[in-house]
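Let's take a walk through this structure together, one region after another. Keep the 3D view open and turn it as you read.

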Amino acid sequence: MKNIPIGEHLIQKGLITEEQLQQVLAKQRESKERLMFGDALIQMKLVTENQFSEVLAERLNIQFIDIDKAELSPDIVKLIPEDMARKYTAIAVSKMGKRLTVATSEPSNFYMMEDLRAATGFSISVAMATKGAINRALGRLYSAGQTTTIVEEATKEKEEQKSLDDLVTDAANDRIDNAPIVKLASAIIEESFRKDCTDIHIEPFKNQTKIRIRVNGDLIELMTISSALHVSLVTRFKILSGMNIAEKRIPQDGRMSQVVDGTTLDLRVSNLPMVYGEKVVIRILATGDMSLRKITDLGMTDYNYQRFASCLKVPQGVVLVTGPTGSGKSTTLYAALGEIAKPNLNVITVEDPVEKKVDGINQCQINDKAGMTFDAALRSILRQDPDIIMVGEMRDAETASIAIRAAITGHLVLSTLHTNDAASTVTRLVDMGVEAYMVATSLIGIVAQRLTKVLCPECKKARMSTPEENELMEIDHSVTVYDAGGCPNCNNTGYKGRTAIHEILLSTPAMAALITRGAKADEIQDLAREEGCKLLRDNVSQLVQEGKTSIEELVRVTYAV
């Protein structure tokens, strides 16, 4: 077993086929850079990183450890100096006598074992783990407690700077080349990312600056720092994101990137003057080096997936994804593009901003100041011989009209719109000035979606539903439902992660006839239900009955509709 090639071993385990093995080998040969066999497999989504590492560990006859789930002691982890742990992507997991067990993604590296033995004074026993999981754990464990120290350092330095020279000009006070502020700015991004946050808010008040992060849709406080540090911290972010540091009277926008635990984050920075200084909000966008999510990973039910997949098979027309800001519309669009973009098709997107760079797709960035607006870009794109067009958002009548015309003239158009549900999307387009018959002719389907929080499996509490709750779920008998608890695993919130719920309206001949007549949203929704469309409430009600979310979330999500 040990001597057969890893590819053959994967075939024997039933993880890949002989044909898939040949495809991976071909990809390796075509790669300009030296692409490792395992990296090629994972990029092609034939196996997960964990599956490949488990098989490799079995082949080498060593233990595989899932670092994300392992209980690690900071004292044992720190037996290996941080710079060496990061250099070799290795982490100490356990100690017995004078033997230290080290998990690594390269267990055959003899030089690493010798260096670790010399640095720690222990004999080294190796185990297998994935590179991503090790990097996450290194970031989490080595940085534990460091943020507080960095804040104290920065505050102390600011106070010393003030006491040295109170007559210094404002401009000199705003210097940000001191190391503590640089470290603090990095630490805020790192700690926020490790808590799975989507947005970071840096908010100035009279006597302090609050830093809050949005996790699972809710804002929670990360830390509070001295207001003396506020100007330096804001200036640091303005420089990193390419803003004008001298301009403090008007809002500004910028972009920056930062590497955290081996992952390159793409960050969108927004700056707004407030009463006590400038407020900064940093949006953590989908990272450029993370692979596209598949449609099957979006949390769609099998029923909804079949309906959505049928929309994407239509060669021309418009497919709309709707919902409020932060409901996952862009993620759904990118997943759809990943499903339908083929080498023989010309796929062009027009976005503001381009949130995720995708190989093989032509992506166009909007720049209003330069006159590169949505409608100007769309007009030009139609002369670029496109097969599929993705419009980031239908913001005005002009954009909507051009996109609808593009769909009628034989292109597949994907776009988003801010509406509450699928039925009201049709009336919104008509209100924007698009003729009802054009909407009816071009429309393929509408996906309305929301994100709902998922209950933490460790601490959720079971009980029987009340008659009022049964009415909300549209059922006639009591069932077991779960309430949020709170434990260290979910930061005492009771929820861990989010999933999407969907409502998919298909443009059937009967629906097209109804739209052409100028029907109201209620009539469209009634017909959609008759034709098998499951509404958002039906979707979230099913999740409550499966124990995945709570009644509280059902009320929050469906009453927003």
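Before we look at any strands, here is one term to settle: two strands count as paired if DSSP finds at least two bridges between them. Keep in mind, too, that what you see is a predicted model.

With that in hand, find strand β9, residues 277-285. On one side of the story is strand β4, residues 199-204, which runs antiparallel to β9 and is joined to it by four bridges. If you want a spot to zoom in on, try I202, which stands opposite V280 in β9. Strand β9 also pairs with strand β8, residues 263-274. That pairing is antiparallel as well, and it extends over nine bridges. Here a good place to look is R268, whose bridge partner in β9 is R283. How many residues lie between β8 and β9 in their hairpin? There are two. As for what holds such neighbours together, strands of a sheet pair through backbone hydrogen bonds, either parallel or antiparallel.

Now go to another sheet, an open one made of three strands in the order β1-β2-β3, with mixed pairing. Which strands sit at its edges? They are β1 (90-96) and β3 (123-128), and each of them pairs on one side only. Ignoring direction, neighbouring strands of this sheet are turned by 30° against each other on average. Strand β1 meets strand β2, residues 99-104, in the antiparallel sense, with six bridges between them. One pair to pick out is I91 and its bridge partner in β2, A103. Helix α7, residues 110-120, packs on this sheet and touches β1, β2 and β3. The direction of α7 makes about 130° with that of β3.

Next, let's turn to charged side chains. The model has 22 salt bridges when a side-chain nitrogen of Lys or Arg has to be within 4 Å of a carboxyl oxygen of Asp or Glu. Let's visit three of them.

Start with E82 and R86, whose side chains meet in a salt bridge at 3.1 Å, N to O. Why can these two find each other? They are four residues apart in helix α6 (residues 82-88), so about one helical turn separates them. Are they buried or exposed? E82 is partly exposed, with a relative accessible area of 30%, and R86 counts as partly exposed too, at 32%.

The second salt bridge joins E203 and R212, with their closest N and O atoms 2.9 Å apart. E203 counts as buried because its relative accessibility is 6%, under the 20% cut-off. R212, at 27%, counts as partly exposed.

For the third, look at D483 and R463, whose side chains meet at 2.6 Å, N to O. This pair links distant parts of the chain: D483 belongs to strand β17 (residues 480-483) and R463 to strand β16 (residues 461-464), with the two residues 20 apart. D483 is partly exposed at 27% relative accessible area, and R463 is partly exposed at 27% as well. Going back to E203 and R212 for a moment, salt bridges that share partners join them with K279 into one network.

Our last stop is a couple of helix pairs. Take helix α20 (residues 509-516) and helix α21 (residues 521-530), whose axes come within 10 Å and cross at roughly 175°. Angles over 145 degrees count as roughly antiparallel, so that is how α20 and α21 lie to each other. On the α20 side the contact is made by A510, M511, L514 and I515, and on the α21 side by E523, I524, L527 and A528. Sorted by class, this contact has seven nonpolar residues, no polar ones and one charged.

The other pair is helix α22 (residues 536-545) and helix α23 (residues 551-558), with axes that come within 9 Å and cross at roughly 170°. That angle makes α22 roughly antiparallel to α23. Here R537, V540, S541 and V544 of α22 meet I551, L554 and T558 of α23. The residues in this contact divide into four nonpolar, two polar and one charged.

Definitions and conventions:
Residues are numbered from 1 along each chain as its sequence is written. This is a predicted model: local features need pLDDT of at least 70, side-chain atom pairs count only at pLDDT 80 or more; totals for chains, interfaces and linings use all residues. Side-chain values use heavy atoms; hydrogens and water are left out. Buried means under 20% relative accessible area, exposed over 50%, partly exposed in between (1.4 Å probe, protein chains only). Axes are lines fitted to C-alpha atoms, for helices over the stretch in contact, and angles run from 0 to 180 degrees between N-to-C directions. Angles under 35 degrees count as roughly parallel, over 145 as roughly antiparallel, 65 to 115 as roughly perpendicular and the rest as oblique. Contact means heavy atoms within 4.5 Å. Ala, Val, Leu, Ile, Met, Phe, Trp, Tyr, Cys and Pro count as nonpolar, Asp, Glu, Lys and Arg as charged, and the others, Gly among them, as polar.
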